Amino acid sequence: MSIRLEALPRGKRIQHMLEAFRDVREWSTPVGQPCRVCPSCGKAFTAARKPRLTICLYPSLTPVPVAFLYRLCGPCAHTYRKGGRHKQGVIDAIERFLNDDEGENHA
Ligand SMILES: [Zn+2]
């Protein structure tokens with residue numbers, strides 16, 4: 001099953017976006033290691049290519065209240081900040097990254 005992601009607007013939480021979780025009051029802490037590559041362009045982070053922006057995405061058809069933080073490199077962060085179709089293009093690329101290799105590079 002493909003994952004379909006949506007951006008979590010700044011200042012919003014999952015319970016604001018998904019009706020099923022609106023009464024949830026307790027939230028867990030982030031788990032896992034930060035991705036070593038930019039999930040939008042697939043390039044590895046290095047001393048020169050540093051993560052420039054962290055975005056929060058959630059699966060729109062999730063059966064559980066979960067959201068993911070993704071770090072973007074400078075060029076992808078710039079594209080994301082332009083908004084509109086540019087922002088959606090970055091989200092689509094992250095979806096492909098997750099769905100194509102099922103997160104093998106996501107350690
Ligand atoms: Zn990138």
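1. Strands β2 and β3 run antiparallel and are joined by six bridges, where strands count as paired if DSSP finds at least two bridges between them, and where helices (H or I, at least four residues) and strands (E, at least two) are DSSP runs numbered from the N terminus. Within this pairing, leucine 53 stands opposite leucine 72 of β3. Strand β1 (residues 5–7) is likewise antiparallel to β2, to which three bridges join it, and leucine 5 has proline 59 in β2 as its bridge partner.

2. Before going further, the basis of the model should be stated. This is a predicted model, in which local features need pLDDT of at least 70 and side-chain atom pairs count only at pLDDT 80 or more, while totals for chains, interfaces and linings use all residues. Residues are numbered from 1 along each chain as its sequence is written.

3. On confidence, the protein chain averages a pLDDT (the predictor's confidence in each residue, from 0 to 100) of 83, and 85% of the residues score at least 70. Confidence is lowest in helix α1 (residues 14–17), with a mean of 77, and highest in α2, at 98.

4. As to overall layout, the protein chain holds three helices and three strands, and from the N terminus on its elements run β-α-β-β-α-α. Taking two residues to be in contact if their C-beta atoms, placed from the backbone, lie within 7 Å, 62% of the contacts between residues at least 6 apart in sequence join residues at least 24 apart.

5. Of the 107 residues of the protein chain, 17% count as buried, a residue being buried if 20 or more other C-beta atoms lie within 10 Å of its own, exposed if 12 or fewer, and partly exposed in between, with C-beta atoms placed from the backbone. The largest nonpolar core (a set of buried Ala, Val, Leu, Ile, Met, Phe, Trp, Tyr and Cys residues joined through C-beta atoms within 7 Å) has 15 residues, of which Leu57, Tyr70, Leu72, Cys76 and Ile94 touch the most other members. At least two residues of this core come from each of β2 (51–59), β3 (68–73), α2 (74–81) and α3 (84–101), and α3 gives the most, with four residues.

6. Two residues deserve a closer look. Leaving aside neighbours within four places in sequence, isoleucine 94 is in contact with Leu5, Pro39, Ser40, Leu57 and Tyr70. Leucine 98 lies in helix α3 and counts as buried because it has 21 C-beta neighbours inside 10 Å; the C-alpha atoms of leucine 98 and arginine 4, 94 residues apart along the chain, are separated by 9.6 Å.
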